[in-house]
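Reader: Before we turn to details, could you take me through how the overall dimensions, the sheet and a single residue are to be read?

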Amino acid sequence: MGTPIDYIYENKLEWQPSFKGALGVAGRYGYRGALVVTEGKTKPLTVLKQAIAVADDDKMLFFAGELESFDDFEAAFARYKGLFSPETLTAFYFTDIAGDAVFDYEGISVHAFSLDESSVWNELVEAADLDKKELKRMDSEEKLDTIYDELKRTPLRAASKSFEEARALKIA
């Protein structure tokens with residue numbers, strides 16, 4: 001297997017990609033687009049929308065995206081967990097939870113955020129306290145490097161909960 005980004009392409013898990021390639025920091029690779037969670041006959045049944053991934057040669061460093069429902073989390077995690085390490089920064093955004101949480105799932109710290117009328121990108125830019133005007137001047141590679149580096153310095157904030165407590169945030 002090559003990089004985690006190569007794994008995505010080798011297994012045809014990319015869906016409507018807008019970026020794939022080496023980043024400005026040597027040894028880093030990035031992806032933006034959607035990712036397949038559950039395959040269908042002609043198109044995926046479930047996708048991780050607005051996916052953003054940063055990886056090195058061996059593991060995913062940063063992985064974020066939107067799922068329509070918290071019910072899809074376990075399938076999404078199962079699909080991509082082989083790319084994660086305990087150091088992977090993960091952020092899943094959901095349209096059907098009423099609050100934010102960080103929980104441990106199979107040894108990985110997972111951030112779960114409610115996503116209302118925003119985008120994953122905008123939420124991450126805000127969390128990293130980045131200037132949108134500055135980002136607009138950067139190319140795609142530099143943007144991904146910058147957002148990952150800033151998120152490492154500015155931890156994502158959410159209440160620590162168990163997986164069961166995070167699941168209970170789901171709006172019926």
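Author: Let us begin with overall size, for which one quantity has to be fixed: the radius of gyration is taken over C-alpha atoms, and the globule rule is 2.2 Å times the number of residues to the power 0.38. Please keep in mind throughout that this is a predicted model.

Reader: What radius of gyration does the protein have, and what would a compact globule have with 172 residues?

Author: A compact globule of 172 residues would have a radius of gyration near 16 Å, and the protein has 15 Å, so the value agrees with the rule. Along its principal axes the C-alpha trace spans about 40 × 40 × 30 Å, while buried residues make up 48% of the 172 residues. About 8700 Å² is exposed, and carbon and sulfur atoms supply 45% of that area.

Reader: How should I read the sheet, and in what order do the strands lie?

Author: Strands of a sheet pair through backbone hydrogen bonds, either parallel or antiparallel. In this model, 7 strands form an open sheet with mixed pairing, in the order β1-β2-β3-β4-β5-β7-β6. The edge strands, each pairing on one side only, are β1 (14-22) and β6 (101-105), and from one strand to the next the twist averages 25 degrees.

Reader: How many bridges join β1 to strand β2, and which way do they run?

Author: The two strands run antiparallel and are joined by 6 bridges, β2 covering residues 29-38; within this part of the sheet, tryptophan 15 stands opposite alanine 34 in β2.

Reader: Which strands does helix α5 lie across?

Author: Helix α5, formed by residues 140-153, lies across β1, β2, β3, β4 (60-67) and β5 (89-94), and its direction is at about 90 degrees to β1. The protein as a whole has 6 helices and 7 strands.

Reader: If I now pick out leucine 48, is this residue buried or exposed?

Author: Here a cut-off is needed, since buried means under 20% relative accessible area. Leucine 48 has a relative accessible area of 0%, and therefore counts as buried. The residue is placed in strand β3 (residues 46-55), and, leaving aside residues up to four places away in sequence, the residues that leucine 48 touches include Ala34, Leu35, Phe63, Leu67 and Phe92. Separately, leucine 48 and phenylalanine 70 are 22 residues apart in sequence, with 11 Å from C-alpha to C-alpha.

Conventions:
Residues are numbered from 1 along each chain as its sequence is written. This is a predicted model: local features need pLDDT of at least 70, side-chain atom pairs count only at pLDDT 80 or more; totals for chains, interfaces and linings use all residues. Side-chain values use heavy atoms; hydrogens and water are left out. Helices (H or I, at least four residues) and strands (E, at least two) are DSSP runs, numbered from the N terminus. Buried means under 20% relative accessible area, exposed over 50%, partly exposed in between (1.4 Å probe, protein chains only). Contact means heavy atoms within 4.5 Å. Two strands pair if DSSP finds at least two bridges between them. Axes are lines fitted to C-alpha atoms, for helices over the stretch in contact, and angles run from 0 to 180 degrees between N-to-C directions. Accessible areas come from the Shrake-Rupley method with a 1.4 Å probe; for residues, only the protein chains shown count as cover.
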